[in-house]
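Q: I would like to go through the salt bridges of this model. Could we take them pair by pair?

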Amino acid sequence: MIIGVPKEIKVEEFRVGITPPGARELVRAGHRVLVETGAGEGSGFRDDEYAKAGAAIRSREEVFGTTDMIIKVKEPLPREFELLLTGQAIFTYLH
């Protein structure tokens with residue numbers, strides 16, 4: 001499975017859907033992980049930490065447009081709706 005981790009765009013949301021160690025575990029399990037450039041900055045995680053964990057750093061368009069599942073902290077916002085693919089799973093925390 002190809003799993004995408006986009007940068008959160010909700011105002012005042014700085015968390016990221018998965019940490020570098022979490023990405024490492026997904027890669028070890030045989031998945032491909034694509035992390036949007038800068039997705040972890042608000043949580044103190046750099047792109048190079050994700051890369052060292054085996055994730056690929058990609059653009060927002062690639063993260064949404066080439067993955068089977070999206071991992072987010074918050075629900076998708078209206079301006080993200082058009083980026084979602086038919087049949088794409090979304091793993092997020094609904095409040």
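Q: Which residue does Arg 60 meet in a salt bridge?
A: In this predicted model, the side chain of Arg 60 meets that of Glu 80, with N and O 2.6 Å apart.

Q: Where do the two partners lie?
A: Arg 60 belongs to helix α3 (residues 60-65) and Glu 80 to helix α4 (residues 78-81), so their pairing ties together parts that are 20 residues apart in sequence.

Q: Is Glu 80 buried or exposed?
A: Glu 80 is buried, at 1% relative accessible area. Arg 60 also counts as buried, because its 16% relative accessibility is under the 20% cut-off.

Q: Which residues share a network with them?
A: Salt bridges with shared partners join Arg 60 and Glu 80 with Glu 8, Glu 36 and Lys 72 into one network.

Q: Turning to helix α1, what does Arg 28 pair with?
A: Arg 28 forms a salt bridge with Glu 25, and the closest N and O atoms are 3.0 Å apart. Both residues lie in helix α1 (residues 20-28), three residues apart, which is about one turn of the helix.

Q: How accessible is that pair, buried or exposed?
A: Arg 28 is exposed, with 59% relative accessibility, whereas Glu 25 is partly exposed at 44%.

Q: What about Arg 46 and Asp 48?
A: Their side chains meet in a salt bridge at 2.8 Å, N to O. Arg 46 is partly exposed, with a relative accessible area of 48%, and Asp 48 is partly exposed at 32%.

Q: Finally, how many salt bridges are there?
A: The count comes to 11 salt bridges.

How values were computed: Residues numbered from 1 in each chain as written. Predicted model: local features only at pLDDT ≥ 70, side-chain atom pairs only at ≥ 80, totals over all residues. Heavy atoms only, no water. Salt bridge = Lys/Arg side-chain N within 4 Å of Asp/Glu carboxyl O. Helix = DSSP H or I, 4+ residues; strand = E, 2+ residues; numbered from the N terminus. Buried < 20%, exposed > 50% of the residue type's maximum accessible area, 1.4 Å probe, protein only.
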